Amino acid sequence: MKKMLGLAVAALLLAPVAANAQEAPKGFNACKACHKVEAGKHGVGPSLAGVFGTKAGTNYPEFKYSDAHKASGLTWDEANLSKYLADPKGTIPGNKMVFAGIKNPDDLKAVVAYVKGLKK
Ligand code: HEC
């Protein structure tokens, strides 16, 4: 019984780590230079943990999002995220994410699904 309890506790402790341990699709390699998937860890871009479902520029108040980004009013659902990641400049003119966009539709789908699964 004691042993089982220990295992249950170990499983609980490991769970938050496992949540973001899903393998990143190859399309995400292009993002890694600027984004981390660990909660609260920022690089050139904000951490992507927990971003799905939030309003642009609100996920991490301590990160300096551009005014254009915050003013976009976009909520990161699948449709908006797909649009933005395919064409960041065209979707939010003046935002500071210097990235051309994912052109391959399969890569785009895989990256959106991956970002959706990143929890804080
Ligand atoms: C050259 C650096 C760079 C690259 C490469 C890059 N990003 Fe970004 N990203 C940023 C910056 C900077 C911002 C903040 C934009 C702003 O405030 O105008 C951002 C913003 C975002 C946001 C919105 C965050 C929020 O909280 O509103 C998402 C989602 C995102 N990036 C996903 C990605 C994904 C997925 C990739 C790869 C396909 C990627 N980015 C590639 C720098 C980058």
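## Polar contacts of the ligand

In this predicted model, a polar backbone atom of K96 lies 2.8 Å from an oxygen atom of the ligand. Side chains contribute as well: a polar side-chain atom of S66 is placed 2.5 Å from an oxygen atom of the ligand, and an N or O atom in the side chain of W76 is 2.9 Å from an oxygen atom of the ligand.

## The surrounding shell

The ligand occupies the space of the largest pocket, and 26 residues surround it, the closest being C31, C34, H35, S66 and M97. By residue class, this shell consists of 18 nonpolar residues, seven polar ones and one charged residue. Helix α3, which spans residues 78–86, supplies the largest share of the shell, namely three residues.

## The iron site

Two of the residues named above, H35 and M97, are also the protein donors of the iron atom of the ligand, H35 through NE2 and M97 through SD, at 1.9 to 2.1 Å from the metal. This pair links distant parts of the chain, 62 residues apart, since H35 belongs to the loop between α1 (2–19) and α2 (67–71), whereas M97 belongs to the loop between α4 (88–91) and α5 (105–116).

Why is the arrangement around the iron atom of the ligand octahedral? The arrangement counts as octahedral because the six donor atoms subtend angles of 85 to 179°. For six octahedral donors, the ideal angles at a metal are 90 or 180 degrees.

Technical notes:
Residues are numbered from 1 along each chain as its sequence is written. This is a predicted model: local features need pLDDT of at least 70, side-chain atom pairs count only at pLDDT 80 or more; totals for chains, interfaces and linings use all residues. Side-chain values use heavy atoms; hydrogens and water are left out. A residue is near a molecule or strand if one of its heavy atoms lies within 4 Å of it. A polar contact is a pair of N or O atoms within 3.5 Å; within protein, one must be able to donate a hydrogen and the other to accept it, and residues adjacent in sequence count only if both atoms are side-chain atoms. On a 1 Å grid over the protein atoms alone, a cavity is a set of points where a 1.4 Å probe fits but cannot get out, and a pocket is an open set with protein on both sides within 12 Å along at least five of seven lines; lining residues have an atom within 4 Å of a point. A molecule sits in a cavity or pocket if more than half of its atoms lie within 2 Å of its grid points. Helices (H or I, at least four residues) and strands (E, at least two) are DSSP runs, numbered from the N terminus. Ala, Val, Leu, Ile, Met, Phe, Trp, Tyr, Cys and Pro count as nonpolar, Asp, Glu, Lys and Arg as charged, and the others, Gly among them, as polar. Donors are N, O and S atoms within 2.8 Å of the metal (3.2 Å for Na, K and Ca); water is not among the atoms, so sites may look incomplete. Four donors count as tetrahedral if all angles lie between 85 and 135 degrees; four count as square planar and six as octahedral if opposite donors are over 155 degrees apart and all others between 65 and 115; anything else is irregular.
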